[in-house]
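Work through the following exercises with the sequence and the structure open beside you, trying each task before reading its solution.

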Amino acid sequence: MPVPFADLNLQYQTIKNEIDAAIAGVIRDSAFIRGAYVDAFERDFAKAVDARHCVSCANGTDALYLAMKALKVKPGDEVITTAHSWISTSAMITHAGATVVFCDTDGETFTIDPAAIEAAITPRTVGIIPVHLYGQPADMDAIMAIANKHKLWVIEDCAQAHLARYKGRQVGTFGSIATYSFYPGKNLGAMGDAGAVITNDAQLAEYMTMLARHGGLVKHQHPIEGINSRLDGLQAAILSAKLPHLPAWTEARQAAAKVYDAGLNQIEDVVVPQTAAGRSHVYHLYTIRHPRRDALAAHLNAHGVQTAIHYPTALPLLPAYERFKHRAEQFPNAVRDQGQILSLPMFAEITGAQQDEVIRLVRDFR
Ligand SMILES: *Cc1c(COP(=O)(O)O)cnc(C)c1O
């Protein structure tokens, strides 16, 4: 039985009427850029994630850029982030004009180690960007305590963590700004690129709105120089149609993770994802560790089970960061994990039979 890594068409089929109607409405109204559909999604999404303001934008990468520009990073500033993430997080620190400083992960949760943050702070540090990687919140109490002590801002990268909670509170509500991606494969995905920032600060929201819309709120008035980073009407309408389903999809992912946990837990050499106390994991990815990862992946792939590696190289060791002359020993956990992590098929509609097949193949692996 082939098991895909994810199945976007299957999700579409379950809500086809709602998606088709949403798309037809935008075309009927020619509401392609800005307009009522975009406004409605911004309102709905802010409410769904307990934020006062949502500013939509073209993708989750731009969201990080907008957030840092709004917090006025400047050359010489240092921004701390995790060694284990998608490259958007660190690349936007550079593009916003600051210097990226990487910290190792905690060895258990794949999220940034607060002790490493404390050790990385210098007089030039201005902010911290924790990533709630794979859908598990980073240790926000510890991170906010460090930020408050050193007067640093925090931007939460929530691209993989829609609706995740830390001690009962939604991710994205701890820092000054949080960023979201609605890339098609994310837990809430558009049918193209899409992203957003959220904040409770009206001034930051207004500044990011201007920045994303050519530097102004009113046509031909440009208080600042901006960029063009708009969410288009079609994507907004599609996202609004999908948003009411997100809680049920999240629960389905969590239930599927429980099935994997129970089936994989006792298998020698397999380390199932560890969720720290007080954190709710939304399983954008279900990522195990295995000392012979490449052979296990080949075994699964040979039997029709798709897997993926998120991500094959720890960020500090990518050629893009050669200028820093990082050494692997500086990031022991992230570097160990880059050789051991394997993401298994995970999507809300995955069946018990598909999961049994994955579990059986992992158990049979020698
Ligand atoms: C997906 C992702 C992004 C970037 O989002 P795009 O919409 O693809 O630009 C940023 N950070 C993390 C952690 C992501 O997973």
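The exercises below concern a predicted model, and they go from the whole chain to the surroundings of its ligand.

**Exercise 1.** Find out whether the radius of gyration of the chain agrees with or departs from that of a compact globule.

Solution. Begin with the chain length, which is 366 residues, because a compact globule with that number of residues would have a radius of gyration near 21 Å. Next take the value for the chain, 20 Å, which agrees with that expectation. To complete the picture, note that the C-alpha trace spans about 65 × 55 × 35 Å along its principal axes, and that the chain has 13 helices and twelve strands.

**Exercise 2.** Locate the ligand and describe the residues of the shell around it.

Solution. First, place the ligand in the largest pocket. Helix H4 (60-70) and helix H5 (88-95) are the elements that give two or more residues to the shell around the ligand. Then sort the shell residues by kind, which yields three nonpolar, eight polar and two charged. Finally, of the 13 residues around the ligand, pick out those that come nearest, namely Gly60, Thr61, Gln160, Ser181 and Lys186.

**Exercise 3.** Which polar atoms of Gly60, Ser181 and Asp157 lie close to the ligand, counting N or O pairs within 3.5 Å?

Solution. Start with the oxygen atoms of the ligand: a backbone N or O atom of Gly60 lies 2.7 Å from one oxygen atom, and a polar side-chain atom of Ser181 lies 2.7 Å from an oxygen atom of the ligand. Turn then to a nitrogen atom of the ligand, which is 2.8 Å from an N or O atom in the side chain of Asp157. As a last step, consider the surface: taken alone the ligand exposes 380 Å², and the protein buries 92% of that.

Key: Residues numbered from 1 in each chain as written. Predicted model: local features only at pLDDT ≥ 70, side-chain atom pairs only at ≥ 80, totals over all residues. Heavy atoms only, no water. Near = heavy atom within 4 Å. Polar contact = N/O pair within 3.5 Å; in protein donor to acceptor, adjacent residues only side chain to side chain. Areas by Shrake-Rupley, 256 points an atom, 1.4 Å probe, with all protein chains shown as cover. 1 Å grid on protein atoms, 1.4 Å probe; cavity = no way out; pocket = protein on both sides within 12 Å on 5 of 7 lines; lining within 4 Å. Sits in = over half its atoms within 2 Å of the grid points. Helix = DSSP H or I, 4+ residues; strand = E, 2+ residues; numbered from the N terminus. Nonpolar A, V, L, I, M, F, W, Y, C, P; charged D, E, K, R; others polar. Rg over C-alpha atoms; globule rule 2.2 N^0.38 Å.
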